[in-house]
Amino acid sequence: VPLNASIEIDFLHPEGAIDDGIYGQFIEHLGRAVNGGIYEEGSPLSDANGIRKDVLEKIRGLRPSILRYPGGTFTKIYRWMDGVGPRSERRSRPNLIWGGVEDNHFGTDEAVAYARLLNTDTYFAVNMGTGTAEEAGNWVEYCNGTQDTYYANMRRKNGHADPFKVKYWGIGNEEAAGPDIGRLQDVKEFVKEAWLYTKAIKLQDKDAKLVLCGADDAWNDHVLKEMGPVCDYISMHHYVSSDKTKPASLFPQVDNMEQLILTLKRQIQTHTTEKVTDFSKWYRFPHRANGVKISIDELGIWEPGGTGAYQLEEYYTWEHALGTATFFNIMIRQASIVGMATWAQTVNVLAPIMTSKTASVCQTIYYPMQFYRRHAGNISLKAAVTTPDLQVPGSKDAKALDVAVTMHEADGSLVIFAVNRHPELAIKADLRSIDTKYTPVTAYELNAAGIDAVNTLDNPAKNVVTETEKQLRGPFTSYTFPAHSVTAIRFKNV
Ligand code: AHR
């Protein structure tokens, strides 16, 4: 007997536009994310530039919108000059954050080329650990400079006549972290220094979009109060883990992201209204009021006990994929404030794609990423949802059904996303308030045999995840979502 739920869409008060930026990816010089992941010189699977072709095709399958690089914590020691120009002349350095040697054969020039292969925007995070604002400004000039100037000419000499047009620049990464890596743990110091970086970057490129490093509530409050008007995004990092002995224990942490977003949204609203802000201070950097968005620029699932560098290589189950789908529902529900998200990370490190020397595989979590990218519209609609609790040990009464609703502005079609997170039971949901102008057309469903299902490198050809497509006919008032499924129901606007 299925559990019962209901979905009532509010067509009158849309949440707002869904930013394409939520479909981003993040790659850091950590473990086998770059070397041995997207890049492997001399591999029969790589092209002449060392790009792993199999991995590139898999990432392309996600159609990412943004590529964040080169870290993460790695940014805190990164010298961008090490990663430009002829590879034979590049300097090897110890990777002072993650260990080993970084030969810098993949750097700025390659990251931009890679983003172009993927057709994504580029997002670079600058070094606030051992670097300076001046170096950051030089990096912007190297990438985006259009005049006859030193670093822009260096780029041209390195074979890149056209500017890279790097759009997003991250000021700091987890700067509130412990003393070994977070030099600027005091938020006042951070703000003081972040101003220098802001000037260095914005004076080079007034169109640069700035992402300021966020942390806890007190930190965010101060950053927004002092720098709200020049800040395009404030960052949030959200990693979740489960108690592996308890099914569904991942979901309360996944769901918690929505509360964190709402808290930060309130803080943004408090500090960026014209009433409380003296804009004259920022006249050099014109900025729209209320324009700050949240950048969830590290979003991921971090279970203890993986393999490889820092035990960050792990296999994800279908339960993790249901959590991933819920993340997308949350970002759609909070579309008016979430401006971007980059999955941490794309390959091998807590990643949807794993590689060996001879193969690569898409993990379970890859499929919901692809599914939302493929089916979601660009407008988020609100919906009132009643759902039973999961009522399985470990779930702390998390809801069984998680829903988001989108509309495609181009053709007015509607897509209801529903994640049934129950490990065993189907959920029958009454669909209320759907106008007769909408005709159901297709239900797309992602599923696996059970919540423990995994794809592994042992058998890369085997995919435990299935996507089925059901044609729908005639109006209907309820839909039954199978156990542990992700469904997108598409309605045509007639
Ligand atoms: O994604 C792995 C690490 O997690 C990043 O380097 C850091 O920013 C975060 O703590």
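Two strands count as paired when DSSP finds at least two bridges between them. In this predicted model, strand 11 (residues 293-301) and strand 12 (residues 338-344) meet that description, as four bridges join them and they run parallel. One place to look for this pairing is isoleucine 294, whose bridge partner in strand 12 is valine 338.

Strands 11 and 12 belong to a wider arrangement: eight strands close into a barrel in the order 3-4-7-8-9-10-11-12, with parallel pairing. From one strand to the next, the twist averages 30°. In general, strands of a sheet pair through backbone hydrogen bonds, in either a parallel or an antiparallel manner.

Helices can be followed across several of these strands. Helix 5 (residues 187-204) lies across strand 7 (121-126), strand 8 (168-171) and strand 9 (209-212), and runs at about 160° to strand 8. Helix 7 (residues 251-271) lies across strand 10 (233-240), strand 11 and strand 12, with an angle of about 160° to strand 10.

Turning to the interior, the largest nonpolar core holds 146 residues, and Trp169, Ile171 and Leu212 touch the most other members. Helix 8 (residues 318-333) supplies the largest share of this core, nine residues. The core lies between domain 1 (3-9 + 380-493) and domain 2 (19-377), because both give residues to it. Nonpolar side chains tend to be buried together in soluble globular proteins.

Isoleucine 171 offers a closer view of its surroundings. Beyond its neighbours within four places in sequence, isoleucine 171 is in contact with Val126, Met128, Ala194, Tyr197, Thr198, Leu210, Val211, Leu212 and Cys213.

Note on methods:
Residues are numbered from 1 along each chain as its sequence is written. This is a predicted model: local features need pLDDT of at least 70, side-chain atom pairs count only at pLDDT 80 or more; totals for chains, interfaces and linings use all residues. A nonpolar core is a set of buried Ala, Val, Leu, Ile, Met, Phe, Trp, Tyr and Cys residues joined through C-beta atoms within 7 Å. A residue is buried if 20 or more other C-beta atoms lie within 10 Å of its own, exposed if 12 or fewer, and partly exposed in between; C-beta atoms are placed from the backbone. Helices (H or I, at least four residues) and strands (E, at least two) are DSSP runs, numbered from the N terminus. Domain bounds come from an automatic or database domain assignment. Two residues are in contact if their C-beta atoms, placed from the backbone, lie within 7 Å. Axes are lines fitted to C-alpha atoms, for helices over the stretch in contact, and angles run from 0 to 180 degrees between N-to-C directions.
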